[in-house]
Amino acid sequence: MRIAVYDDNRVGLVRNETLVDVSDIVSARDGEWPPVFLLRAIADFDRLRPRLTEALRSREGLPLDRVQLRAPVVFPSKVIAAPVNYRLHIEEMRSQVKNELHAIEKYGLFLKAPSSVVGPDATVELPFADRRTDHEVELGVVIGKTARNVAAVDAMNYVFGYTGVMDITVRGDEDRSTRKSFDSFTPVGPVLVTADEIPDPHALQLQLWVNGERRQNGNTRDMIWNVPRLIEYASHVMTLYPGDLFSTGTPDGVGPLRAGDQVTIDVERIGRMSVKVDLRKP
Ligand code: MN
């Protein structure tokens, strides 16, 4: 299934170019706080699946162009991200950073503030006019079941689905969790695709364009730590909960953003989304 969040806390399933509203089935409510409807739906998905399948078969769909898509990851307890998880990205970083650069084996993982998540058609707000802020396109992995001390061989059983992620990053000396956690620095979408529709997450093309010019074009087969290894490592540090989001690292081609840019990502089998870029208003 291809799950979308849209308008005000509504949940839909994509069917061709339409969206079938299933907000009633997942008990999503307008203005809900905390907005945990999607976390509940993910945790309860096995029980909900027959009703969702029936809705997808029998209900009328809304034209997709009549709704405002939101991030299909809402209120995750954590956004866990992988630094330098592609070999070619290490090489390009080495040319920009004076000190010695290592891969993920040395750094482990880092956290981004969940409040940095935004959806399709959001505006990425650059906090500094005079500092380089880069785009990164990444595969997003969403956890489906509470996971602690999971071995890599079992890890895929804990994956709920996949989405597209931009990991926006201010370059500089602050800790990664600061430089990557500004509001709007984690665009996610356009939809959340359940794991049964993507049998191999390590064979997906990742592309990113700025103003129509392609800047990144990589494949998830080139990850240094694959999805099971990322889950194994993280779950030995922290308990993973349904809805937690992994951003699995970026391929090479990372480059700067400027106010006025439009950034588009395409993750194979997940889809395409665009965001605007502007300076943050004082
Ligand atoms: Mn990244």
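Me: In this predicted model, how many bridges join β9 to strand β20, and in which direction do the two run?

Reply: Pairing is read from bridges between two strands, and here 4 bridges join β9 to β20 (residues 271-279), with the two strands running parallel. As a landmark for inspecting the register, take Val124, which stands opposite Val277 in β20.

Me: What is the strand order of the open sheet that holds β9 and β20, and which strands stand at its edges?

Reply: The sheet is an open one of 5 strands, in the order β9-β20-β19-β15-β16, and its pairing is mixed. Because β9 (123-126) and β16 (213-219) each have a single partner strand, they stand at the edges, and one side of each is left without a neighbour in the sheet. From one strand to the next, the twist averages 20°.

Me: What is the order of the open sheet formed by 3 strands?

Reply: Its order is β13-β10-β18, and the pairing is antiparallel. The edge positions belong to β13 (169-170) and β18 (255-256), each of which has a single partner strand, so one side of each lacks a neighbour in the sheet. Between strand β10 (residues 133-135) and β18 there are 2 bridges, and these strands run antiparallel; His135 has Gly255 as its bridge partner in β18.

Me: Which residues coordinate the manganese ion, and at what distances?

Reply: A metal site is read from its donor atoms and their distances to the ion. In this model the manganese ion is coordinated by Glu136 (OE), Glu138 (OE) and Asp167 (OD), at 2.0 to 2.1 Å, and along the sequence these donor residues follow the spacing E-x1-E-x28-D. Since buried means under 20% relative accessible area, Glu136 counts as buried at 4% relative accessibility, and Glu138 likewise counts as buried, at 1%.

Me: Why does the distance between the end C-alpha atoms of helix α2 agree with what its 14 residues should span?

Reply: A helix can be checked against an expected rise along its axis: at 1.5 Å a residue, the 14 residues of α2 (residues 45-58) should span 20 Å, and the end C-alpha atoms are 19 Å apart, which agrees. The helix also has a bend of about 25° at Arg51. Its buried residues include Phe45, Leu48, Leu52 and Ala55, and the elements that the buried residues of α2 pack against are β1 (2-6), β2 (10-15), β3 (18-21), α1 (37-43), β12 (159-166) and β14 (186-194).

Me: Where does Gly243 lie, and what does Gly243 touch beyond residues up to four places away in sequence?

Reply: Gly243 lies in the loop between α7 (227-237) and β17 (245-247), and at 2% relative accessibility Gly243 counts as buried. Leaving aside residues up to four places away in sequence, Gly243 touches Leu39, Ile42, Val73, Pro76, Val142 and Ile143. The C-alpha atoms of Gly243 and Lys145 are separated by 8.3 Å, although these residues are 98 residues apart along the chain.

Me: Which residues does a cis peptide bond join, and what is omega there?

Reply: One cis peptide bond joins Trp33 and Pro34, with omega about -5°, and Pro34 lies in the loop between β3 and α1. Another joins Gly189 and Pro190, with omega about 5°, and Pro190 is placed in strand β14.

Me: What is phi of Phe75, and is Phe75 buried or partly exposed?

Reply: Phi of Phe75 is near 60°, a positive value in a residue other than glycine. Phe75 is found in the loop between β5 (69-70) and β6 (79-81), and at 39% relative accessibility Phe75 counts as partly exposed.

Key
Residues are numbered from 1 along each chain as its sequence is written. This is a predicted model: local features need pLDDT of at least 70, side-chain atom pairs count only at pLDDT 80 or more; totals for chains, interfaces and linings use all residues. Side-chain values use heavy atoms; hydrogens and water are left out. The expected span of a helix is 1.5 Å times one less than its number of residues. The bend at a residue is the angle between axes fitted to the seven residues ending there and the seven starting there. Buried means under 20% relative accessible area, exposed over 50%, partly exposed in between (1.4 Å probe, protein chains only). Contact means heavy atoms within 4.5 Å. Two strands pair if DSSP finds at least two bridges between them. Axes are lines fitted to C-alpha atoms, for helices over the stretch in contact, and angles run from 0 to 180 degrees between N-to-C directions. Donors are N, O and S atoms within 2.8 Å of the metal (3.2 Å for Na, K and Ca); water is not among the atoms, so sites may look incomplete.
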